[in-house]
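These are my notebook entries on a single chain, kept in the order in which I looked things up. I began with the open and enclosed spaces and then turned to strands and charged pairs.

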Amino acid sequence: MKKLSKKILLLIACAVVASLQCRAESEEQKYVTYEEYGAKGDGVHDDLAAIVAAHNAANEKHLPVKAADGKTYFIGKGSATAIIKTDVDFGTARFIINDIETENYKSNIFRVESYLQPFDVQGVRKIKRGQRNLGVKLPHNCLIEVVDDQKRVYIRYGLNQNNGTAAQEVFIADKEGRVRDSAPIVWDYDHISEIKAYPMDEETLTIKGGIFTTVANQAPSTYAYRGRGIVINRSNVRVEGVKHYVIGELDHGAPYSGFLSMTYCADVVLSNCLFTGHKTYVTIGSAKKPVSMGSYDISARSAINVLFEHCSQTTSIDDSKYWGIFGSNFCKDLRMDHCSFSRFDAHQGVANVTLTNCKFGYMGVRMVGFGTIRMENCEVRYNTLIALRDDYGSSWDGDIIIKNCTLRPVNPNYRSLTLLSGTNTGKHDFGYTCSLPKMMLIEGLTIDDTAIKSPQYQNPAIFGTFNRKADDKDLLPFVIKGKVILKDVKVTSGKEFVKSANPDIFKKMKIVNQ
């Protein structure tokens with residue numbers, strides 16, 4: 001065999017060295033750290049710029065980000081947002097978010113995004129309620145947003161009254177255009193002003209760990225909602241073990257829209273997370289009268305299939321000094337399991353809610369919307385098991401299934417207890433026909449009224465009065481027709497369980513005792 005020339009040997013040697021260097025680099029560069037981009041992590045120096053740069057680099061390299069355990073990252077008044085497109089492990093690191101002198105209070109610290117870009121859907125002119133197929137094919141499974149700006153719905157009534165919002169909703173369509181059953185279309189769209197698709201990622205993005213503390217703002221108590229947290233704008237995301245605390249609240253302050261919020265996304269799981277209630281303040285509402293105002297520490301808007309499991313809050317769920325922990329708008333298929341929260345609240349038309357093995361505090365369970373409400377093995381510590389929101393017509397177009405639940409109010413001054421409460425005087429147009437559930441199944445319910453001490457306490461009832469007169473003919477329609485099935489309902493005090501203190505409006509509600 002001929003000997004290899006020196007030139008060839010040199011080329012081989014260079015190739016081997018280069019290969020070893022590449023391998024070493026790939027082995028070393030398993031994740032991106034904040035320290036690589038200048039973060040001090042000492043709780044004093046502002047690390048926001050380094051955090052933003054680290055995530056930008058991680059997104060370009062498709063690498064995860066890992067915070068240094070034990071470090072404390074300080075985030076000051078800067079308005080930059082770190083874009084998350086890869087997995088993040090915050091570990092035991094702490095993040096202090098000082099909101100006292102924020103430059104842009106609407107900006108969030110982190111925003112979770114997809115590499116996939118939204119696009120306008122072509123070829124769809126009309127959509128009907130209950131439609132099972134969009135009628136077009138898509139490049140991905142997508143969350144679809146549809147809007148009709150010629151139709152107003154959710155025309156709010158009360159101290160925060162408004163002129164409503166454009167008819168809108170989100171639903172999920174697969175590549176063949178088939179609509180997901182658990183998030184059905186609930187409005188007719190004879191006119192479509194906008195229809196947009198948000199592609200859904202197939203792989204799960206995971207965010208875990210992290211201890212976040214917000215130093216609360218000291219702004220006036222007006223409706224100027226703050227961001228300053230983590231917003232999820234990507235589908236198929238899992239959040240594990242995130243903890244959020246709030247310190248420095250005064251007797252006034254501007255509200256937050258949610259430390260952790262979800263918008264235009266689907267298939268999101270929040271597991272073993274800890275949140276904190278914010279103080280309740282008073283402001284002047286749109287009706288020019290004082291109204292209570294607060295912050296949700298978790299919020300969702302136009303989101304589908306969001307699951308909260310084993311989540312709780314630092315503040316007592318029964319302490320009325322703190323606002324309810326969770327609020328949503330335009331969502332579908334919301335689920336909670338083994339959670340302990342001061343409130344579940346779904347504004348503006350949730351479709352399908354499942355609550356299992358949960359405890360809800362002094363603000364209870366509130367919603368309006370469509371589909372099926374399922375509650376099983378839950379405890380509600382309010383004066384009603386489910387409150388249909390007065391400001392949106394107290395409407396539920398669908399069914400309610402309650403199994404093995406307990407209504408256990410903690411306020412001794414309540415005068416009445418109900419399974420379903422609301423208000424609809426018939427004198428306000430909400431933009432739609434309001435109705436009560438077509439079917440209610442109540443099985444294995446305990447009404448524990450031992451805490452009630454008021455001498456005016458009445459018999460517990462299935463329905464509240466809804467502040468409506470049965471003999472008033474000049475009212476907007478309110479559909480009250482259906483069936484209530486009762487099985488194994490117990491009242492601890494022994495008081496009689498009645499239909500309502502205003503039974504005349506419930507004549508078409510059939511009560512079946514099994």
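Entry on the pocket. I looked up the second largest pocket first and found about 390 Å³ of space in it, where a pocket is an open set of points on a 1 Å grid over the protein atoms alone, with protein on both sides within 12 Å along at least five of seven lines, and a volume is the space filled by probe spheres set on points joined across faces, edges and corners. Its lining comprises 16 residues, of which R468, A470, F478, I480 and I505 are the closest to its centre; lining residues have an atom within 4 Å of a point. By class I noted eight nonpolar, no polar and eight charged residues in this lining, with Ala, Val, Leu, Ile, Met, Phe, Trp, Tyr, Cys and Pro counted as nonpolar, Asp, Glu, Lys and Arg as charged, and the others, Gly among them, as polar.

Entry on the source. The model is predicted, so I note that local features need pLDDT of at least 70 and side-chain atom pairs count only at pLDDT 80 or more, while totals for chains, interfaces and linings use all residues. Residues are numbered from 1 along each chain as its sequence is written, and side-chain values use heavy atoms, with hydrogens and water left out.

Entry on cavities. I found four cavities of 30 Å³ or more, a cavity being a set of points where a 1.4 Å probe fits but cannot get out. The largest has a volume of about 60 Å³, and its lining includes Y154, W187, F330 and K332; β9 and β23 (340–356) each supply at least two of the lining residues. The second largest cavity, of about 40 Å³, has a lining of four nonpolar, four polar and one charged residues, among them E249, Y256 and H278.

Entry on strand β11. I checked β11 (residues 205–215; strands are DSSP runs of E, at least two residues, numbered from the N terminus) and found nine of its eleven residues buried, that is, under 20% relative accessible area with a 1.4 Å probe and protein chains only. Strands pair if DSSP finds at least two bridges between them, and β11 runs parallel to β5 (residues 88–98) with eight bridges, to β13 with four and to β14 (residues 243–247) with five. Single partners I wrote down are I97 with T214, T206 with R238 and F212 with H244.

Entry on salt bridges. R238 led me on to E309, with which its side chain forms a salt bridge at 3.2 Å, N to O; the rule asks for a side-chain nitrogen of Lys or Arg within 4 Å of a carboxyl oxygen of Asp or Glu, and the count comes to 25. R238 is partly exposed at 26% relative accessible area (the class between buried and exposed, the latter over 50%), whereas E309 counts as buried at 19%.

Which residue forms a salt bridge with R156? I found D391, the closest N and O atoms being 2.9 Å apart. R156 lies in the loop between β8 (142–153) and β9 (165–173) and D391 in the loop between β26 (384–388) and β27 (396–403), so the pair ties together parts 235 residues apart in sequence. Both R156 and D391 are buried, and they belong to a network of salt bridges that also links R343, D345 and R389.
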